[in-house]
Amino acid sequence: MGSSSDEESDFSDSEINEYKEKPYELLKAGTHKVRGPNGSFRCPFCAGKKKQDYQFNHLYQHAIGVAKGSASRGAKQKANHLALATFLENDLANEAPPQPQPAVPVPAAKPEQSELYCWPWVGIVVNILKEPKNGDCVDSSDYWSKKFSKYKPVEIKIFWDDDRSTAQVVLRFDNDWTGFKNAMEFEKSFEAGGHSKKEWDGRRTSPGSNIYGWFAREDDYKTEGPVGDYLRKNGELKTISDLVQEATKDRNKIVGTLVNEIDLKNENLDELQIKYNEKTLSLSRMLEEKDELHRSFYEETRKLQRVSREHIKRVLDEQEMLNVELENKKKRLDSWSKELNKREALTERERQKLEEEKTKNDMRNNSLQLASEEQRKADKNVLRLVEEQKREKEEALKKVLELERNLDEKQKLEMEIEELKGKLEVMKHMGGDDAAVQQKIDSMNEQLQEKKDDLDGLEDLNKQLLLKERQSNDELQEARKELIEGLQEMLISSRVNIGIKRMGELDEKAFKNACKLRFPPEEADIKALELCSLWQEKMKHPDWHPFRVVEDSKGNCQNYIKEDDELLSGLKNEWGDDVYDAVTTALKEMHEYNPSGCYSVPELWNFKENRKATLKEVISYIFAQLKTLKRKRT
């Protein structure tokens, strides 16, 4: 509203009615605009709020609600809205649409506004005689309820005199206008038959056998006797105008409460809109951060590729230099051989020495040639493996990047879908009957459906990429198998850092250590081999499965060794923890690498870190071994 708290504090609540004259004059002069486009109305004192278009009734309710709102609102704000309500009532009353009036049942004959009635409405029936022809039925409430059922009494009381010869009946009706109407019709039925209270007062001394009835009023309320006591105990005297005023007051109170609730709902809707804007801004920032991380990852990947290419180039350059040095040494040996051939041996001993040197030089030349051939073959194999690894690595990297891009697009689509759903909820809160809002909701629903279709397409593409990734993994596994078969003799020893380990094969060292503690040295090795072979065969038995399946917190099934297994428990008690650990380790390896075949399989292994070796580590190790071999030969 543009007013500071200092300005609002200048006006107390007692000065609101006086201060409203100034904004009221400004409204009449047209300084503050109330009319909006398309026949709508707006609040000139709430310009900063989201909602600006009101219908006449809604704007009037808004003005009344703020003017009579909580104490937290400023006095100036209340005065401005009170002036707006006055302007709408006096100057724009012809703009208000006709209000549907609630259907209030009105009695057939208009009673005197100041006449006092017993409330809740009560009817009285007198001169009920207990005669043989009537029997005991007049003493029953059901009888009178059926007799006057058309007037819908809710309660019936019967009062007999001391000798139970005559009785009076009190009928209580509903305490609303419908009950008043029924009570008046009840009285009119007796007036039409000439048996109303007026006739009863005139014939009280000789009323005959007829019954008389009327609507209970002030004189009945104040009369002595059981009927008067009952009326004073269960009711009170009220005029029609009192009841109308109470109903009007209750209706105004309900209207004020509803106006306050509408204003509170509008404030809550503004808060929801602010929260929605904050969430949208937060999502935009998250997307920007995600894009930045993706760019950093892409740059880092390009950097790693460049370093890898430089490393391979450096290795090839070093290899070329070694080949050049080898050729130079071969040339020097050839020159020495020619020089030796030119020399003439003066003595037999010198000739023998020359022959021996020539033989040695020939042997060296042959060895160097063989080494060169082996070097070239090894270089070709290594280059082929490097190229294959490079190609497979690049393909795998491309597929990973494509999967990540698809995942990013999928996450963006999901965020956009959630954002559209949030907008739909806000639009629904803002009003479902407005045609423009409904059209906007339909448009957003169409956008939401398009986003869902795009998400389904991305999921299909993601499945195809996952299938290609599995095929690439299968090709890598085939390359790994070929590498294992080709390097069996070179990497079979466990004394090297990178080698081949047979997964699921028992470690004989633990059995030898256990047998040395029980048997003489000459028998320990034999017993260890027998025990190791025995348990190796037991592990291959298909009926023995010492594992239990446990589901973790994420729903994945994990296999664990059964500690209470009979065979494993006996092994641990008889041979100790080291042998038990060797058998359980081999069981886990066999279950992981070959659960169906139950036999050991070879695997590239990093013995230094006791884990599965990667293809990169194996190729790097082979390069290092080739360099060492070259240095030894030179």
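A search of the whole structure, which is a predicted model, finds 9 salt bridges. Three of these pairs make a good starting point for a tour of the fold.

In one of them, Glu187 is joined to Arg217, with 2.6 Å between the closest N and O atoms. The two partners come from distant parts of the chain, 30 residues apart: Glu187 belongs to helix α7 (residues 177-192), whereas Arg217 sits in the loop between β5 (212-215) and α9 (218-222). Glu187 and Arg217 are both buried.

A second salt bridge is formed by Asp219 and Lys197, whose closest N and O atoms are 2.1 Å apart. Because Asp219 lies in helix α9 and Lys197 in helix α8 (residues 197-202), this pair ties together parts that are 22 residues apart in sequence. The surroundings of the two partners can be described in turn. Asp219 has a relative accessibility of 44% and so counts as partly exposed. Lys197, by contrast, has a value of 19% and counts as buried, since the cut-off for that label is under 20%.

The third example brings together the side chains of Glu589 and Lys501, at 3.1 Å from N to O. Here, too, distant parts of the chain are linked: Glu589 is in helix α17 and Lys501 is in strand β7 (residues 498-503), 88 residues apart. Glu589 is buried, at 10% relative accessibility, while Lys501 is partly exposed, with a relative accessible area of 22%. Salt bridges can also share partners, and in this way Lys197, Asp219 and Asp220 are joined into one network.

Helix α17 appears again in the packing of helices. This helix (residues 577-593) packs with helix α16 (residues 566-575) at an angle of about 145 degrees, and the two axes are 7 Å apart. On the α16 side, the contact is made by Leu568, Leu571, Lys572 and Trp575. On the α17 side, the residues involved are Asp577, Val579, Tyr580, Val583, Thr584 and Leu587. Sorted by character, the residues of this contact comprise 7 nonpolar, 1 polar and 2 charged.

Aromatic rings provide another set of contacts, with a count of 14 aromatic pairs. In one pair, the rings of Trp121 and Phe180 have centres 4.8 Å apart and planes at 70 degrees, so the arrangement is edge-to-face; planes over 60 degrees apart receive that name. Trp121 is found in the loop between β1 (117-119) and β2 (122-129), and Phe180 in helix α7, so that distant parts of the chain, 59 residues apart, are linked. Helix α7 is also the helix that holds Glu187 of the salt bridge described above. Both rings belong to buried residues: Trp121 has a relative accessible area of 1%, and Phe180 has a relative accessibility of 0%. Elsewhere among the aromatic residues, Trp144, Phe148, Tyr151, Phe173, Phe186 and Phe190 form one cluster.

Finally, what about the cysteines? The structure holds 0 disulfides. Why does Cys515 not form a bond with Cys532? The sulfur of Cys532 is the closest cysteine sulfur to that of Cys515, yet the distance is 9.6 Å, which is too far for a bond; a disulfide requires sulfur atoms within 2.5 Å. Cys515 is buried, with a relative accessible area of 0%. Cys43 likewise counts as buried, at 2% relative accessibility.

Definitions and conventions: Residues numbered from 1 in each chain as written. Predicted model: local features only at pLDDT ≥ 70, side-chain atom pairs only at ≥ 80, totals over all residues. Heavy atoms only, no water. Axes fitted to C-alpha atoms, helices over the stretch in contact; angles between N-to-C directions. Helix = DSSP H or I, 4+ residues; strand = E, 2+ residues; numbered from the N terminus. Contact = heavy atoms within 4.5 Å. Nonpolar A, V, L, I, M, F, W, Y, C, P; charged D, E, K, R; others polar. Buried < 20%, exposed > 50% of the residue type's maximum accessible area, 1.4 Å probe, protein only. Salt bridge = Lys/Arg side-chain N within 4 Å of Asp/Glu carboxyl O. Phe/Tyr/Trp six-rings, centres within 6.5 Å; stacked < 30°, edge-to-face > 60°.
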